Amino acid sequence: MTILAQNERPADDGLVASGQRGTVVLRGVSKRFGSTTAVDGVDLTIPGGSYVVLLGPSGCGKTTLLRMVGGHEVADAGDILLDGVRLNDVPAAQRDISTVFQHYALFPHKTVYENVEFGLKMRRLSPDERQRRVNEALAFMDLTNLRDRLPKQLSGGQQQRVALARALVTQPTVLLLDEPLGDLDRLLQLRMRVELRTLQRRLRITFIHVTHNQEEALAIADQIVVMQNGQIRQVGSPQAVYRRPTNLFTASFMGDNNILAGRVASVDGDGILLECEGLRLRARSAPEPVVPGQAIHAAIRASTVRVRQEAAAGATLPPNCVAARATFVEYLGDTVKLHCQTASGLALVAKVPEQDPSWQGIREDETDLMLEWDEDDVQLLTS
Ligand code: ATP
């Protein structure tokens with residue numbers, strides 16, 4: 001099928017092959033709006049054929065960055081390259097990059113067919129070629145039966161498929177998606193994110209997807225780019241960003257972390273001893289070298305905290321272990337979140353699987369608990 005032609009490869013040759021088309025490189029890219037620095041010196045390489053998600057809170061600059069890649073916003077500084085070619089001065093329509101805009105931006109008075117055909121008309125393709133490609137794109141996105149409808153006669157999910165067909169019909173090397181699931185209800189979001197990922201695997205083109213939704217980013221991305229205040233704070237696989245945040249912002253933004261402030265007490269061949277808010281912690285390693293006395297933060301993911309219903313035996317507990325009581329047992333279905341407090345008033349959260357017997361029978365503010373975690377699960381945040 002022609003829509004697949006740009007990067008069509010045999011199915012088993014490795015998705016993100018290094019010579020694959022669609023590699024986007026950003027070098028020192030910045031953008032200001034008046035006194036606001038929306039994007040601040042971003043360096044990033046997006047491998048061809050990968051699914052990359054720009055993730056961050058509202059206003060962190062992810063849409064502006066996406067718009068600069070698409071040619072809908074001009075960078076004040078830096079270079080934007082696609083497969084080694086500098087794009088800064090190339091108009092949007094000539095970039096070989098398509099965008100699915102936030103809220104889809106379909107033409108309300110054009111039919112599904114006309115919406116999908118629009119980009120091909122702009123490119124002055126012959127009527128025959130347009131017809132062939134539009135029909136193919138409609139079939140590909142399962143929209144043939146809806147071709148004569150207006151956007152207002154479609155559901156949110158159908159409108160999204162039209163926006164995708166319209167973007168893909170021009171056979172781009174890179175597809176940009178700005179909050180593509182934001183307008184859909186939760187169940188449809190869950191379904192469409194699987195469909196987007198499946199579509200990207202079929203097409204083998206680069207997808208760059210913007211969202212503020214952590215779960216969506218974890219579910220869909222090959223690489224997550226975490227942004228704050230116009231800058232990149234961490235780039236990594238979903239597992240790396242979730243399990244191994246390297247800085248305070250990423251650890252807080254990804255959620256469900258116990259974050260404690262403290263100092264490095266000692267460093268030896270076996271690991272790092274920390275004193276944090278009255279607790280002794282032991283960590284296996286740090287993302288960069290640390291020295292005794294250094295101020296740090298430590299993150300312990302709530303799901304790595306084990307819970308035992310017993311009172312502390314003896315006055316001194318080993319590192320990574322503390323006595324507490326649950327102040328609130330929050331039942332979430334698949335998991336149960338135990339909001340706990342130590343005798344000194346430190347708040348800690350443990351998240352256990354619903355099937356795990358450890359939370360059964362806990363009485364809030366009454367049952368003595370021991371909370372424990374492994375040194376591999378103490379993540380040092382050095383910035
Ligand atoms: P959201 O998730 O809310 O869309 P975002 O991370 O995509 O946010 P941007 O839309 O890129 O953030 O905005 C980054 C910053 O630049 C914000 O402070 C925003 O107010 C500002 N900004 C964006 N576009 C413009 C504009 N056209 N004029 C002035 N300021 C702008």
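Visitor: Which element supplies the largest share of the shell around the ligand?

Guide: To read a shell, list the residues and see which elements they sit in. In this predicted model, helix 1 gives the largest share, three residues. Strand 2 (36–46) also supplies at least two. The full list is Phe33, Thr36, Ala38, Pro57, Ser58, Gly59, Cys60, Gly61, Lys62, Thr63 and Thr64.

Visitor: How many of the shell residues are nonpolar, polar and charged?

Guide: Four are nonpolar, six are polar and one is charged.

Visitor: And which residues have N or O atoms that lie a short way from ligand oxygens?

Guide: Check backbone and side chain separately. On the backbone, a polar atom of Cys60 is 3.0 Å from a ligand oxygen, and an N or O atom of Gly61 also lies 3.0 Å from one. From a side chain, Lys62 places an N or O atom 2.7 Å from a ligand oxygen. As for cover, the ligand on its own has 630 Å² of accessible area, and the protein covers 60% of that.

Visitor: Now the sheet. What is the strand order?

Guide: Read across the strands, not along the chain. Here six strands make an open, mixed sheet, ordered 6-7-8-3-9-10. Strand 6 (97–100) and strand 10 (231–236) are the edges; each has a single partner, so one side of each lacks a neighbour in the sheet. On average, neighbouring strands are turned by 20 degrees against each other, ignoring direction.

Visitor: How do strands 7 and 8 run, and what packs on the sheet?

Guide: Strand 7 (residues 174–178) and strand 8 (residues 206–211) run parallel, joined by five bridges, with Leu176 opposite Ile208. Helix 1 (residues 62–70) packs on the sheet, at about 150 degrees to strand 7. Helix 5 (residues 186–203) packs on the sheet too, touching strand 3, strand 7 and strand 8.

Definitions and conventions
Residues are numbered from 1 along each chain as its sequence is written. This is a predicted model: local features need pLDDT of at least 70, side-chain atom pairs count only at pLDDT 80 or more; totals for chains, interfaces and linings use all residues. Side-chain values use heavy atoms; hydrogens and water are left out. Two strands pair if DSSP finds at least two bridges between them. Helices (H or I, at least four residues) and strands (E, at least two) are DSSP runs, numbered from the N terminus. Axes are lines fitted to C-alpha atoms, for helices over the stretch in contact, and angles run from 0 to 180 degrees between N-to-C directions. Contact means heavy atoms within 4.5 Å. A residue is near a molecule or strand if one of its heavy atoms lies within 4 Å of it. A polar contact is a pair of N or O atoms within 3.5 Å; within protein, one must be able to donate a hydrogen and the other to accept it, and residues adjacent in sequence count only if both atoms are side-chain atoms. Accessible areas come from the Shrake-Rupley method with a 1.4 Å probe; for residues, only the protein chains shown count as cover. Ala, Val, Leu, Ile, Met, Phe, Trp, Tyr, Cys and Pro count as nonpolar, Asp, Glu, Lys and Arg as charged, and the others, Gly among them, as polar.
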